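Reader: Please take a close look at the largest nonpolar core of this model. Which residues touch the most other members, and what lies around them?

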Amino acid sequence: MNHKIRNIQKILLSDNWYTLNKFSFEYQNQHGQWQLQHREAYDRGNGATILLYNKAKGTVILTRQFRMPTYINGNPDGLLIETCAGLLEQDNPEDCIKREAEEETGYKVDQVQKLFEAYMSPGSVTEIIHFFAAEYAQDMQVSAGGGLAHEQENIEVLELDFERAYSMIQSGEIKDGKTIMLLQYAKINNLLDSR
Ligand SMILES: Nc1nc2c(ncn2[C@@H]2O[C@H](COP(=O)(O)OP(=O)(O)O[C@H]3O[C@H](CO)[C@@H](O)[C@H](O)[C@@H]3O)[C@@H](O)[C@H]2O)c(=O)[nH]1
Ligand SMILES: [Mg+2]
């Protein structure tokens, strides 16, 4: 509860696929004055993402797919390297990320570790993302992955040496926020050390 906000009005601007609302509200500033503010908020639900790693091989599983919003904003071919991720449907974050890992990467993991949660674009997008990590092994591979054909996902699965993937942040080959956060988490916490 925030007593500095009052008179919240919501106007629907678009519900074509996800929902874009315009909120008008009064916010009390440091001097005690109430000021009218307008903020648009894009609601596409919440999401989950996971770093799949293999200590013995020193590798991680990442995905590559076409992301239209990046294509119109400076990404030459629109392809983005990312950790496996999906939007929460009716399920909880843990069940969601296990389902997405299987659909997108082909690995069926049953032990996942919850790491943290983060708002990724708090000025305009409501979404909070739940972050996970899990160890994968060859015998957990049940399909080639690639995502759901009817959703036209066309996801490519990449198995990369962890140090190579980590260096791709510096080189600019990896430019996705959640992916950078997970690779850095793994580095800082020595997730791939087998000792
Ligand atoms: N027709 C249509 N389909 C859409 C649209 N937007 C998304 N889709 C479909 O909805 C699917 C959603 O796939 P998910 O795997 O569930 O989600 P995601 O797009 O990978 O999202 C994940 O990554 C995002 C980017 O980092 C995260 O923001 C999100 O939380 C999640 O973790 C997309 O692949 C696409 O097929 C749209 O505007 N129109
Ligand atoms: Mg996805």
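Author: In this predicted model, the largest nonpolar core holds 27 residues. Ile 50, Leu 51, Leu 52, Tyr 53 and Val 60 touch the most other members. Several elements give two or more residues to this core. The strands are S4 (47–54), S5 (59–66), S7 (84–87) and S9 (128–135). The helices are H2 (93–105), H3 (162–171) and H4 (177–188). In soluble globular proteins, nonpolar side chains tend to be buried together.

Take Tyr 53. Leaving out residues up to four places away in sequence, Tyr 53 touches Val 60, Ala 133 and Glu 135. Phe 162, Ala 186, Leu 191 and Leu 192 are also among its contacts.

Now the ligand. S4 and S7 both give residues to the core, and each also supplies at least two residues of the shell around ligand 1. That shell has 14 residues. The closest are Trp 17, Gly 47, Ala 85, Gly 86 and Glu 151. By class, the shell has five nonpolar, four polar and five charged residues.

Next, the motif. An unreviewed UniProt entry lists residues 86–107 as a short sequence motif, the Nudix box. Over this stretch the chain is 59% helix and 9% strand. Its end C-alpha atoms are 15 Å apart.

Last, the domains. Domain 1 covers 5–43, and domain 2 covers 47–188. Their centres, taken over C-alpha atoms, are separated by 32 Å.

Note on methods
Residues are numbered from 1 along each chain as its sequence is written. Chains are lettered from A and ligands numbered from 1 in the order in which they are written. This is a predicted model: local features need pLDDT of at least 70, side-chain atom pairs count only at pLDDT 80 or more; totals for chains, interfaces and linings use all residues. UniProt positions are given in the numbering used here, feature names are shortened, and annotations may be inferred rather than shown by experiment. Helices (H or I, at least four residues) and strands (E, at least two) are DSSP runs, numbered from the N terminus. Domain bounds come from an automatic or database domain assignment. A nonpolar core is a set of buried Ala, Val, Leu, Ile, Met, Phe, Trp, Tyr and Cys residues joined through C-beta atoms within 7 Å. A residue is buried if 20 or more other C-beta atoms lie within 10 Å of its own, exposed if 12 or fewer, and partly exposed in between; C-beta atoms are placed from the backbone. Two residues are in contact if their C-beta atoms, placed from the backbone, lie within 7 Å. A residue is near a molecule or strand if its C-beta atom, placed from the backbone, lies within 6 Å of it. Ala, Val, Leu, Ile, Met, Phe, Trp, Tyr, Cys and Pro count as nonpolar, Asp, Glu, Lys and Arg as charged, and the others, Gly among them, as polar.
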